[in-house]
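Biologist: I would like a close look at one part of this model, namely its salt bridges and the elements they join. Please take me through them in one connected account.

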Amino acid sequence: MCPKCRRVVEEDEICCAQVRYTWRCKSCFKLTSGFAVPYGKCFLCEGELELIQNRDLGDSMRFQAIRDAVQFELDSFHFYKLARDKAGTPEQRALLERLYEAELDHLHELEEKYHAHLDREVVELSAKEETLLGNWLFRGISVTGGVADLYRAALEMERRTRDHFRTMARSLPAGLEKDLCGELAAEEEEHVALLEGELEQLG
């Protein structure tokens, strides 16, 4: 049993007990967890870092921002998985497989940072195609083009998610949930930056 969140875990599963430190950028709100205190500036914006100590969110799923973040990652995971299964070329399939695996990694990161533990069955369930493709997050998104087009589609989805949390943050008073929105927006901004870098490398 995890001594921090009290969740029963498998013997080889990493849980909250292994997360020693959490720090956040004062400028862009990027939240990072690790085994050692960081040295230097934020790798995203070079802002000043602050150590977050003893922050207990309790049931993190009571926060709308975290519920939204988990749902977006789940939806994106299933979207890429569905697109991968319909890929027309090996190059498309390879990229879509990498994108859906990245979304699964993002889900695990959310679990680790916010103790938003998910049942494995939720990840394995196949979403209904009609419902999934009708989601606002995927409206107008096409995954039938070439590799560069797939990157652009992925970028648009990440930007929509980032902007959702930025908009939510602006509507909230100062406090924990506003901070959570800032952290989650920064997380999506990191994903945007990574995809932009990979797209540029395509030439």
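Biologist: To start with one partner, is Arg 166 buried, partly exposed or exposed, and what is its relative accessible area?

Modeller: The model is predicted, so what follows describes computed coordinates. Arg 166 has a relative accessible area of 38%, and is therefore partly exposed. Its partner in a salt bridge is Glu 189, with the closest N and O atoms 3.4 Å apart. The pair links distant parts of the chain, since Arg 166 is in helix H5 (residues 147-171) and Glu 189 is in helix H6, 23 residues apart. Glu 189 also counts as partly exposed, because its relative accessibility is 26%.

Helix H6 (residues 176-201) also holds Glu 183, which pairs with Arg 24 of strand E1, so parts 159 residues apart in sequence are tied together. In this salt bridge the N to O distance is 2.6 Å. Both Glu 183 and Arg 24 are buried. For Arg 24 the relative accessibility is 9%; the cut-off for buried is under 20%, so Arg 24 falls within that class.

Arg 24, in strand E1 (residues 21-25), has a salt bridge with Glu 50 too, at 3.3 Å from N to O. Glu 50 belongs to strand E3 (residues 49-52), so this pair ties together parts that are 26 residues apart in sequence. From C-alpha to C-alpha, Arg 24 and Glu 50 are 5.4 Å apart in space. Unlike the buried Arg 24, Glu 50 is partly exposed, at a relative accessible area of 26%. Arg 24 thus meets Glu 50 in strand E3 and Glu 183 in helix H6.

There is also a network of salt bridges, which links Lys 30, Lys 113, Glu 187 and Glu 190. In total, the count comes to 14 salt bridges.

As for the setting, the chain has 6 helices and 3 strands, and their order from the N terminus is β-β-β-α-α-α-α-α-α. Of its 203 residues, 40% are buried. Helix H1 is mostly covered, with 16 of its 22 residues buried. Helix H1 (residues 64-85) should span 32 Å at 1.5 Å a residue, and its end C-alpha atoms are 32 Å apart, so the two values agree.

One further group of charges belongs here. Glu 101, Asp 105, Glu 109 and Glu 112 gather on the surface as a patch of negative charge. Among them, Glu 109 lies in helix H2 (residues 90-114) and counts as partly exposed because its relative accessibility is 32%.

Notes:
Residues numbered from 1 in each chain as written. Predicted model: local features only at pLDDT ≥ 70, side-chain atom pairs only at ≥ 80, totals over all residues. Heavy atoms only, no water. Patch = residues over 30% accessible without salt bridge, like charges linked within 9 Å, V, L, I, M, F, W, Y side chains within 5 Å. Areas by Shrake-Rupley, 256 points an atom, 1.4 Å probe, with all protein chains shown as cover. Salt bridge = Lys/Arg side-chain N within 4 Å of Asp/Glu carboxyl O. Lys, Arg positive; Asp, Glu negative; His and termini not counted. Charge placed at Lys NZ, Arg CZ, Asp CG, Glu CD. Helix = DSSP H or I, 4+ residues; strand = E, 2+ residues; numbered from the N terminus. Buried < 20%, exposed > 50% of the residue type's maximum accessible area, 1.4 Å probe, protein only. Expected span 1.5 Å × (residues − 1).
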